[in-house]
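Colleague: I'm new to this one, so could you walk me through it? I'll throw questions at you as we go.

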Amino acid sequence: MYIAAIILGEDMILHHESRAMTSFLTTTFTEEERLSIQMDYFFFTRDEKLPGKIHALENANFYYGILPENADEEGIVKVIREYDQQNRYDYLIFGTTVSARNLAVKYATQEKKRLATNIKEGVFTEQKRWKKDIFLGNVTEEIFATNHMVITLAKNVPAVYTGFCHPIWKKITMQTQFCSHITTCTREKKSTATGWEQAEKIIVIGNGVDKGGYPLIEQFAKQIHAEIAGTRRAVENGLLPVERMIGISGKSISPKLCIVIGASGLAAFVKGIEKSEMIFSINADKDALIFNYSDYGIVARYQEILKTK
């Protein structure tokens, strides 16, 4: 088995992330299994002073890339893609930070790999499974690990590993055309979509929609002939695949009617729906930001509204 661990951060964050990552690996795999695993650690940081010792597995490869101050994610994605194509990793494990999660989403989307977020632990017995935290960690769901090759760790993964190793660092040359001078770059235009993104009506669900209420959303979508997409939190909660995620790290849509249900309206999400001809929002919170971007809105629990349809 060949695993890549991708860690982003500086100083104390880097130490915590490497410790959490290695704690996850040591609880998922037995000592005997770890001896047969090939392991690559990737550290992407702005700090050129690297630690002499870190919480990590022995006999691993340690790569690092120094990021310019105005670096974006594309340079890191390019590096990971090159090493993945060369080594054919069985699993790519990203850390617990928001930046690591964003990077995982982008990589999985571009490479068309299945993504699982908020993984707390793995069970690699007869059937390999990831244990996924959903609904703010109140529920754990098991999913097949063989179906999800790219994962991000849950924020509450215990960082308890006490062992140290002294890494031999190998520097990665970051391509500046991908990582710097962002102000002079323009994103490549995506080809015209022909799938669900082109639907005239799209329902976008947020963290306010849970598994119990999702059947109501599905029924409503069928009634009005609409597609269903979601915010990052809806994807992380296991309601939708990453391919249906809307926002800066996901897809942008421009339907004639966008119905937003249970989404707070953070800027990163709104960026993905702002080109909609009409935005209609349902949210129980009268102060939800989404109403600032909506043409029409209802302050109510979506269950009450949809059950009357």
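**A first tour**

Colleague: What relative accessible area does E274 have?

Modeller: Buried means under 20% relative accessible area, exposed means over 50%, and partly exposed is in between, with a 1.4 Å probe and protein chains only. E274 falls in the partly exposed class, because its relative accessible area is 43%.

Colleague: And what should I know about the model itself?

Modeller: It's a predicted model, where local features need pLDDT of at least 70, side-chain atom pairs count only at pLDDT 80 or more, and totals for chains, interfaces and linings use all residues. Residues are numbered from 1 along each chain as its sequence is written, and side-chain values use heavy atoms, leaving out hydrogens and water.

Colleague: Which residue forms a salt bridge with E274?

Modeller: A salt bridge here is a side-chain nitrogen of Lys or Arg within 4 Å of a carboxyl oxygen of Asp or Glu. For E274, the closest N and O atoms of the pair are 3.5 Å apart. The partner is partly exposed, at 47% relative accessibility. That partner is K271.

Colleague: Which helices does the salt bridge between E111 and R81 tie together?

Modeller: The two side chains meet at 2.6 Å, N to O. E111 is partly exposed at 24% relative accessibility, and R81 is too, at 22%. Helices (H or I, at least four residues) and strands (E, at least two) are DSSP runs, numbered from the N terminus. The pair links parts 30 residues apart in sequence, because R81 lies in α3 (residues 74–87) and E111 in α4 (residues 98–111).

Colleague: How many salt bridges does the structure hold?

Modeller: Another one joins E304 and R301 at 3.8 Å, N to O. Salt bridges with shared partners also link R101, R233 and E236 into one network. The count for the structure is 13.

Colleague: What order do the strands of the 5-stranded open sheet have?

Modeller: Two strands pair if DSSP finds at least two bridges between them. The pairing in this sheet is parallel, and its edge strands, each pairing on one side only, are β11 (227–230) and β14 (296–299). β10 (residues 201–205) and β11 share 4 bridges. The full order is β11-β10-β12-β13-β14.

Colleague: At what angle does helix α6 run to β10?

Modeller: Axes are lines fitted to C-alpha atoms, for helices over the stretch in contact, and angles run from 0 to 180 degrees between N-to-C directions. α6 (residues 214–224) lies across β10, β11 and β12 (257–261). Its angle to β10 is about 170 degrees.

Colleague: Is S276 buried or exposed?

Modeller: S276 is in the loop between α8 and β13 (279–283). Leaving aside residues up to four places away in sequence, it touches I253, S254, P255 and C258, where contact means heavy atoms within 4.5 Å. Its relative accessible area is 9%, so it is buried.

Colleague: Which residues form a nonpolar patch on the surface with L266?

Modeller: Patches are made of residues with over 30% relative accessible area and no salt bridge, joining like charges within 9 Å and nonpolar side chains (Val, Leu, Ile, Met, Phe, Trp, Tyr) within 5 Å. L266 is exposed, with a relative accessible area of 51%. The patch has about 290 Å² of accessible area together, by the Shrake-Rupley method with a 1.4 Å probe, where for residues only the protein chains shown count as cover. Joining L266 there are L289 and Y293.
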